[in-house]
Amino acid sequence: MPATDLSLRSAVDVLYSDHHSWLQGWLRKRLGNAFDAADLTQDTFVRVIKARSALDIREPRPYLSMIAKGLLIDLFRRRSLEQSYLEALAAMPQEQLPSLEEQAILLQALMEIDRLLLGLGPRVRQAFILSQFDGLTYPQIAERLGVSVRTVNNHMAKAMEHCCLMQIQLQLS
Amino acid sequence: MNLPAEELQAIRMAAQWYARLHSGITTDADRAGWNAWLSADPLHSQAWQRMTAVAEQMASVPGALAAPTLSERHNRSRRQVLRSVLLLTSASGLGWLGWRSQATQNLLCDYRTAVGERREFQLADGSTVLLNTDTSVNVRFDGRQRLLELLWGEILVTTAIDPLQRPFKVITGHVEVLALGTRFIVRGQAWGGEVAVLEKAVEVSLSAIGSRMRVEAGQRLDFNDRSLGTLRGNDVSVGAWQKGSIIAIDRPLAALLDELSRYRNGVLRCDPVIADLKVSGVFPVDNTDLALAALESGFSLRVTRYSRFWVRVSSGDQR
């Protein structure tokens with residue numbers, strides 16, 4: 001093992017033993033439960049290890065809490081999406097309800113689509129959803145949103161470009 | 001991401017063509033233009049393939065599920081769907097057996113539903129009451145007040161505006177709930193009660209100990225005959241039974257089975273080993289066998305039927 005890897009590893013060890021319980025407490029205060037806090041604490045350190053940044057950290061606690069904050073936002077977003085999803089499922093006719101396995105696969109697929117849409121403006125997002133998922137024509141969307149057909153067309157082009165770039169980026173990472 | 005400028009440009013154009021071809025009012029000229037563009041440069045067809053990949057990902061989910069799930073959640077959804085519902089859950093401190101001993105009284109009540117049944121009734125003032133499974137209610141309207149007495153079960157009440165301006169109350173056990181909103185649900189359970197408000201507010205009072213609390217929209221409050229509990233936030237599972245579903249989000253299996261058993265006759269037992277298994281999903285209450293089958297396949301559980309009325313759920317790993 002090269003020397004840098006060794007020192008990186010001991011830096012992570014020190015970081016972990018010095019700040020692990022502080023971070024877990026910090027997260028528990030925000031999440032209100034110990035299980036999620038323990039999970040996110042673990043995830044935070046995994047991020048640090050992956051980024052190989054442990055040697056460069058000057059102020060460990062602000063750094064750790066910055067990563068943890070990002071993970072918190074992800075978690076809340078996933079929970080909120082899951083709630084909307086379950087609600088949409090509940091509104092479906094009973095005999096069309098997918099099996100639990102399909103329910104889980106669909107949720108995963110929706111979370112991935114949601115990640116592509118992240119960063120789109122609300123109007124663009126709405127136009128895109130109305131076209132792609134509700135199957136409305138641009139004139140129908142234009143009427144619904146109170147904008148011109150041309151604007152709807154521009155929203156769609158923008159959304160597709162955005163999703164395409166996000167897809168490429170996620171495939172690379 | 002470091003894509004060459006020409007490639008980024010090709011992606012932008014591909015997106016514009018995609019938009020133009022999916023307007024619902026595409027012309028032959030559009031299609032011809034797209035064809036010409038596509039064959040003009042290998043970069044163009046490469047960029048078009050990327051559009052196809054995006055479209056394929058979007059098509060991996062039924063639109064009827066994707067549209068409501070992905071629409072901006074803070075503006076609509078949950079709140080809008082359930083806004084008009086004011087939920088009250090309640091019980092007496094008598095316990096399950098105590099409640100059950102009132103069975104004869106239940107038979108004499110004004111409105112009731114059988115296990116697995118859901119029915120709506122219209123009241124004299126134009127208000128409606130939806131009874132969930134296995135529910136008994138008395139209605140006592142007079143010149144001073146509109147009063148519902150929940151003997152057992154769960155109801156959703158939609159109050160009409162009263163020309164006589166009589167207050168609308170629900171009583172269950174020793175707890176009285178004064179409706180300040182228009183719709184609400186009351187439920188009777190052995191462990192205690194709960195009030196959840198989705199529109200405006202209610203006032204919950206326990207006169208025996210002089211306790212009184214206001215519950216606002218989006219909140220719920222549990223209680224028993226001795227005390228009022230603490231306020232918590234509502235989630236989507238609240239009131240899902242109106243549409244015939246139970247929504248579970250990381251719910252312990254035993255609690256989910258308890259809930260399911262309200263909708264079916266007989267005994268539904270859970271192996272203690274898997275009682276704490278966390279389960280998520282939407283389960284139909286109108287066909288609980290279907291719900292059990294979903295659990296069986298989705299979580300590798302084993303459902304053993306000793307008879308139609310005695311069902312045990314255990315881990316599928318056991319030999």
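This passage describes the confidence of a predicted model and then two elements of its chain B. Residues are numbered from 1 along each chain as its sequence is written, and chains are lettered from A and ligands numbered from 1 in the order in which they are written. In this predicted model, local features need pLDDT of at least 70, side-chain atom pairs count only at pLDDT 80 or more, and totals for chains, interfaces and linings use all residues.

The predictor gives the complex an ipTM of 0.79 and a pTM of 0.53. Chain B has a mean pLDDT (the predictor's confidence in each residue, from 0 to 100) of 80. In chain B, 84% of residues reach 70 or more. Among the elements of chain B (DSSP runs, with helices H or I of at least four residues and strands E of at least two, numbered from the N terminus), helix H1 (residues 5-21) has the highest mean pLDDT, 94. Strand S1 (residues 87-89) of chain B has the lowest, 31. Over residues 74-107 of chain B, pLDDT stays under 50. Where pLDDT is low, the predicted coordinates should not be read in detail.

The end C-alpha atoms of H1(B) are 24 Å apart. This agrees with the span expected for its 17 residues (1.5 Å times one less than the number of residues), also 24 Å. Buried residues (20 or more other C-beta atoms, placed from the backbone, within 10 Å of their own) of H1(B) include B:Ile11, B:Trp17 and B:Tyr18. The buried residues of H1(B) pack against helix H7 (149-172) of chain A, and against helices H2 (28-40) and H3 (42-58) of chain B, on the basis of contacts (C-beta atoms, placed from the backbone, within 7 Å).

Strand S7 (residues 154-158) of chain B is largely enclosed by the rest of the structure, because four of its five residues are buried. S7(B) pairs (at least two DSSP bridges between two strands) with strand S4 (residues 128-131) of chain B. The sense is antiparallel, over four bridges. B:Thr128 has B:Thr158 as its bridge partner in S7(B).

How values were computed
Buried ≥ 20, exposed ≤ 12 C-beta atoms within 10 Å, placed from the backbone. Contact = placed C-beta atoms within 7 Å.
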